[in-house]
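Please read the following points with the model open beside you, and turn to each region as it comes up.

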Amino acid sequence: MSVSDSDSSSHGTDYKFFLQTSRDRLLLEMMGSTRTGDSRSTWKVLIMDKVTVKVLSHCCKMSDITDQGISLVEELFKRREPLPSMDVIYFIQPSKENVVMFLSDMSGREPLYKTAYVFFSSSVPKELVNHIKCDSSVLPRIGALREVKIFYFLFILFVIFFFLFANVQMNLEYFPIDSQAFTTDHDGALQELYGENAENSRKFDACLNVMASRIATVFASLKEFPRVRYRAKTPDASEGTFRDTIPTKLATAVWNLVSKYKSIPNFPQTETCELLILDRSVDQIAPVIHEWTYDAMCHDLLDMEGNKYVVEVPSKMGGEPEKKEVLLEDNDPVWLELRHAHIADASERLHDKMTTLSKNKAAQVHSARDGGEISTRDMQKIVQALPKYKEQIEKLTLHVEIAGEINEIIRDMGLRELGQLEQDLVFGDAGAKEVINFIRMNQDASPDIMLRLLLIYACVYPEKFEGDKGTKLMQLAKLSEKDLEVVKNMQLLAGSSINKKTTSSSFSLKFDNQKIKHAARKDRTGEEETWQLFRFYPVLEELIEKLSKGELAKNEYSCMNEPSSAVQETTTKASARSSNAPVVPEKKTTPHSMRSRRTANWGKSHRSDDGHSGDAVLKNAALDLRKMGQRIFIFIIGGATRSELRACHKLTTKLRREVVLGCTSLDDPSQYLKKLKMLSEIQAPQQDGFRF
């Protein structure tokens with residue numbers, strides 16, 4: 001399929017990014033479709049189960065839902081008051097329990113609601129359709145069927161078609177966590193799939209099946225038909241374990257589900273995008289290394305719950321400061337602009353923004369006071385702008401405080417020295433001597449810091465942990481036997497990859513055959529960074545670039561549906577056109593050696609007079625990226641990292657192809673360490689909570 005400028009995707013020139021498409025489907029295709037005829041001006045009830053509540057809350061705000069005529073949101077299995085004069089929308093999973101509850105609500109002489117519009121989050125099994133059609137009192141009360149006046153036999157056939165093929169199957173059961181990322185909400189996937197004896201557990205198949213179903217709904221929702229690629233098990237079967245086959249099993253399950261979507265109206269019949277399924281063993285350094293972007297530092301160093309940050313604000317009554325929760329998310333323009341910037345860059349730009357905004361406002365006020373020629377209209381504009389100015393000052397002040405707290409933690413914990421050692425290890429510029437010296441000189445460092453350093457060391461030098469060598473290192477770092485178990489669990493997660501890395505050059509983390517030093521990465525040519533400690537990049541970045549060029553090694557990354565030579569040739573040429581297209585201009589910096597650099601070069605960003613450069617820059621970027629090539633989907637079993645999410649945003653601009661990151665969870669280093677520790681435990685905790 002061509003991805004030229006005229007037909008770059010299955011969506012034409014009116015391109016919508018992943019999150020916007022998901023939101024529009026829920027608000028317009030689901031809720032908006034019920035606003036017809038005499039129901040257009042009436043308020044409705046929205047009923048969901050625990051899973052669909054999470055789906056909706058990740059995509060939409062309460063105000064979005066209210067705008068679509070929803071006055072009340074309730075949970076399916078909670079006691080509800082009858083509202084027989086109101087219509088209701090059900091957005092539920094197609095499970096037997098949910099269907100039974102729906103029929104209970106709408107059957108009999110006195111149903112709870114007037115008319116029901118039913119939407120399922122994934123494909124509806126035929127047995128559930130048969131269960132619904134058997135209740136003759138409910139069928140006339142289903143919104144899309146109530147006007148059907150035909151013979152009973154034809155009516156039943158219409159019911160079956162309606163529930164199997166019509167838009168009641170929303171096929172939207174994933175959880176967007178970013179404009180270009182989603183999870184399947186499998187926080188315990190590492191333990192359920194990779195733990196000891198996991199393959200013999202009942203949870204193993206259940207976890208994979210639900211995961212595959214939720215991934216498949218992404219493609220059904222976006223009407224994309226993927227080429228399904230996956231990280232294949234080792235060619236030498238004697239080295240392989242069941243863990244090596246997990247990406248293969250998931251790819252097979254996803255392909256089987258997506259293949260059935262060809263019966264959906266307007267669904268593509270040929271491949272329109274790429275899907276690459278990986279697991280966490282592809283890069284075990286990314287989850288534990290200190291990432292120096294503003295976003296990563298916030299979640300790594302601050303005591304945050306999800307995206308919630310607690311800030312102290314002065315009390316209006318003059319008493320003790322009050323605690324206020326703020327959300328660091330995409331509707332905050334300052335966060336949106338700075339989240340992927342280096343922490344030093346973010347701090348400098350925040351200071352400049354605050355100074356610029358204050359000077360501009362002070363000049364306006366001074367002109368209003370001393371200049372006798374200011375007009376009434378100008379004065380009115382200044383007064384009207386005051387609330388916006390106050391909001392901007394509050395946003396900037398919040399981020400200045402957050403950045404200040406992060407920089408203070410960096411100083412107190414000596415993270416610059418640690419960060420330099422981590423990156424020197426990864427790029428082959430440090431070894432045992434430097435690690436041992438750091439441990440001896442920092443005996444009061446926290447156990448987590450030491451553990452993360454030794455995990456990186458174990459990834460680069462696995463032979464240093466053979467026999468009792470690892471135990472001696474752990475003792476030197478004052479770590480416990482349980483911490484040593486974490487290193488062993490990391491190697492367990494890697495499966496045969498450790499053997500492949502030490503015995504051949506085919507392992508993806510090893511880029512060349514250097515006998516003098518180990519290196520898990522090589523410096524990227526042409527991408528030298530201005531900022532200290534910004535050399536590191538996740539393996540995912542290189543894999544995406546190779547995937548876009550069609551250069552992934554077929555013996556390591558197999559394809560479920562290898563395209564024909566003609567299709568492949570067309571796609572390769574189109575990808576080349578896409579990669580050669582002009583991109584959003586980036587500020588050029590003078591190249592220099594990162595290895596010798598120890599102080600930051602404070603760069604300047606494009607900014608407007610009000611100090612909010614984010615809006616203008618991001619809008620221009622959006623305009624430049626309207627015509628996109630085929631989407632690239634990446635799914636990582638076992639959790640993704642913020643550095644990998646940053647890479648997806650970066651490559652979306654560079655490749656002019658939207659890169660969507662899917663994962664079982666998005667983990668910060670502390671969360672990942674806990675999961676590694678749990679690999680040896682018997683059972684992962686159940687994740688059944690939800691937010692709205």
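1. In strand β4 (residues 116–120), A116 is the bridge partner of V88, and this is a good place to begin looking at the predicted model. V88 belongs to strand β3 (residues 87–92), and β3 and β4 pair in the parallel sense over five bridges. β3 has another parallel partner in strand β1 (residues 44–48), and that pairing also runs over five bridges; here I47 has Y90 of β3 as its bridge partner.

2. Are the residues of β3 buried or exposed? Six of the six residues in this strand are buried, so that β3 is mostly covered, if one takes buried to mean under 20% relative accessible area. In a regular strand the side chains alternate between the two faces of the sheet. For β3 the two sets are D87, I89 and F91 on one side and V88, Y90 and I92 on the other, and both faces are covered.

3. A further sheet deserves a separate look. Seven strands form an open sheet in the order β5-β6-β13-β12-β8-β7-β11, with mixed pairing. β5 (175–178) and β11 (557–559) stand at its edges, and because each has a single partner strand, one side of each is left without a neighbour in the sheet. On average, and with direction ignored, neighbouring strands of this sheet are turned by 25° against each other.

4. Within that sheet, strand β7 (residues 226–231) pairs with strand β8 (residues 273–279) in the parallel sense over five bridges, and R229 stands opposite L276 in β8. Helix α20 (residues 539–549) lies across β7, β8, β11, β12 (632–637) and β13 (659–663), and the helix runs at about 140° to β12.

5. R339 lies in the loop between α11 (333–338) and α12 (343–370), and although one might look for a loop residue at the surface, R339 counts as buried because its relative accessibility is 6%. The side chain of R339 makes a polar contact of 2.8 Å with the side chain of D178. When neighbours within four places in sequence are left aside, R339 is in contact with D178, S179, T293, Y294, D295, D330 and H649.

6. Which residues does A647 touch, once its neighbours within four places in sequence are left aside? They are P538 and E541. A647 has its place in helix α23 (residues 642–655), and with 2% relative accessibility it counts as buried. The C-alpha atoms of A647 and H340 are separated by 9.4 Å, although these two residues are 307 residues apart along the chain.

7. Helix α15 (residues 432–441) and helix α16 (residues 447–460) pack at an angle of about 170°, and their axes are 12 Å apart. Angles over 145 degrees count as roughly antiparallel, which makes α15 roughly antiparallel to α16. The contact is made by A432, V435, F438 and I439 of α15 together with M450, L453, L454 and Y457 of α16.

8. A last point concerns confidence. The protein chain averages a pLDDT of 79, and 73% of the residues score at least 70. Over residues 1–10 the pLDDT is below 50, and this stretch has 34 contacts in the model beyond near neighbours in sequence. Over residues 569–623 the pLDDT is likewise below 50, and that stretch has 97 contacts in the model beyond near neighbours in sequence.

Key
Residues are numbered from 1 along each chain as its sequence is written. This is a predicted model: local features need pLDDT of at least 70, side-chain atom pairs count only at pLDDT 80 or more; totals for chains, interfaces and linings use all residues. Side-chain values use heavy atoms; hydrogens and water are left out. Helices (H or I, at least four residues) and strands (E, at least two) are DSSP runs, numbered from the N terminus. Buried means under 20% relative accessible area, exposed over 50%, partly exposed in between (1.4 Å probe, protein chains only). A polar contact is a pair of N or O atoms within 3.5 Å; within protein, one must be able to donate a hydrogen and the other to accept it, and residues adjacent in sequence count only if both atoms are side-chain atoms. Contact means heavy atoms within 4.5 Å. Two strands pair if DSSP finds at least two bridges between them. Axes are lines fitted to C-alpha atoms, for helices over the stretch in contact, and angles run from 0 to 180 degrees between N-to-C directions. pLDDT is the predictor's confidence in each residue, from 0 to 100. Angles under 35 degrees count as roughly parallel, over 145 as roughly antiparallel, 65 to 115 as roughly perpendicular and the rest as oblique.
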